[in-house]
Amino acid sequence: MKKVLIVVAALVVVAVGALVYVGANLDSIVKEAIQTYGSEATKTAVRVDSVKLELKNGKAQISGLTVANPAGFTDPDIFALGVISTKVDIASINKNPIIIDEIHIGAPTVVYEINKSGVSNIDVLKKNLGVGGSDKSAASSGGNQVKMIIRKLVVEGTSAKVRIAALGKDQTVALPRIVMTDIGKKSGGATAAEVATQLSGRMLSNIKGSVAKIGVDKYLGKSADAIKAQMSGVGGAGATDKLGGALKGMLGN
């Protein structure tokens, strides 16, 4: 699961780093950096509605950050991260590590989709983020990287829309709240990639655990035709009703 959601933590860190290194046109520079480097990391389009930075108060807010679904899936976005806000300890701005009092990610939404080939978009994104990773380049610049200690990181109000192409219907499930504290404290600071690794594990665990409870995993690796054939027996007029009943049973409706 390493780096699955590196875009989340890394993009927040872009804003934090900007507080230290950039002076003019800050909001637009950070917005462009998020979109450019986020798209490179995920191999899909990353977009941001707005970035608002308050240098004097050490605050940053990113609104409307979306990550497009990989090719082969129907929903336009796999993630919409709502509002990401952060508060930096101003006394640490010119130090390494930077102390971040809190990062809050509010009302993110996730689309968990299994396409007609039985492949999930989460698994495709995992592969995208794992292929061509730049671990070596990151390590080579290790001494120059901005590190941070995050006193508190909260992700709440998360919902996941579950879509299985073979069944033709969606269901929304709520995901548990995530609270992480003192990230990077023991090691004297964590890089963006290290924060992302920890956060990605927690978030993906939430997604996988929640959708597994409603029986979605049994549809992975099965084509739409195979699922329909299994549910409808030899086919016939009752096939649609059987599919609808199966979906209701799977989702607890």
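Aspartate 170 is partly exposed in this predicted model, with a relative accessible area of 36%. A good place to start is the salt bridge that this residue makes with arginine 163, where the closest N and O atoms are 2.8 Å apart. Arginine 163, at 17% relative accessibility, counts as buried, because the cut-off for that class is under 20%. The bridge thus joins a buried arginine to a partly exposed aspartate.

Arginine 163 and aspartate 170 also belong to a wider arrangement: together with Asp75 and Lys161, they are linked in a network of salt bridges. Within this network, the side chains of lysine 161 and aspartate 75 meet at 3.0 Å, N to O. Lysine 161 is part of strand 10 (residues 159-164), while aspartate 75 sits in the loop between strand 4 (66-68) and strand 5 (77-80), so the contact ties together parts that are 86 residues apart in sequence. Here the burial is the other way round by charge: aspartate 75 counts as buried, at 12% relative accessibility, and lysine 161 as partly exposed, at 24%.

A search of the whole structure finds six salt bridges. One of them brings together the side chains of arginine 177 and glutamate 156, with an N to O distance of 2.7 Å. Arginine 177 lies in the loop between strand 11 (169-174) and strand 12 (178-183), and glutamate 156 in strand 9 (residues 148-156), so this pair connects parts that are 21 residues apart in sequence. Glutamate 156 has a relative accessible area of 27% and is partly exposed.

The strands named so far can now be placed in their sheets. Six strands form an open sheet of mixed pairing, in the order 1-4-5-8-10-11. Its edges are strand 1 (46-47) and strand 11, each of which pairs on one side only. At the strand 1 edge, the pairing with strand 4 is antiparallel and runs over two bridges. Arginine 47 stands opposite threonine 66 of strand 4.

Another open sheet, also of six strands and with mixed pairing, follows the order 2-3-6-7-9-12. Strand 2 (50-54) and strand 12 stand at its edges with a single partner strand each, so one side of each is left without a neighbour in the sheet. From one strand to the next, the twist averages 10 degrees. Further in, strand 6 (residues 83-88) and strand 7 (residues 98-106) pair in the antiparallel sense over six bridges, and valine 83 stands opposite glycine 106 of strand 7. Helices come into the picture here too: helix 2 (residues 26-42) lies across strand 2 and strand 3 (59-63), and runs at about 130 degrees to strand 2.

That leaves the nonpolar interior. In soluble globular proteins, nonpolar side chains tend to be buried together. The largest nonpolar core of this model has 47 residues, of which Ile34, Leu65, Phe79, Ile150 and Leu153 touch the most other members. Helix 5 (residues 192-213) gives the most to this core, with five residues.

Note on methods: Residues numbered from 1 in each chain as written. Predicted model: local features only at pLDDT ≥ 70, side-chain atom pairs only at ≥ 80, totals over all residues. Heavy atoms only, no water. Core = buried A, V, L, I, M, F, W, Y, C linked by side-chain atoms within 4.5 Å. Buried < 20%, exposed > 50% of the residue type's maximum accessible area, 1.4 Å probe, protein only. Helix = DSSP H or I, 4+ residues; strand = E, 2+ residues; numbered from the N terminus. Salt bridge = Lys/Arg side-chain N within 4 Å of Asp/Glu carboxyl O. Pairing = 2+ DSSP bridges. Axes fitted to C-alpha atoms, helices over the stretch in contact; angles between N-to-C directions. Contact = heavy atoms within 4.5 Å.
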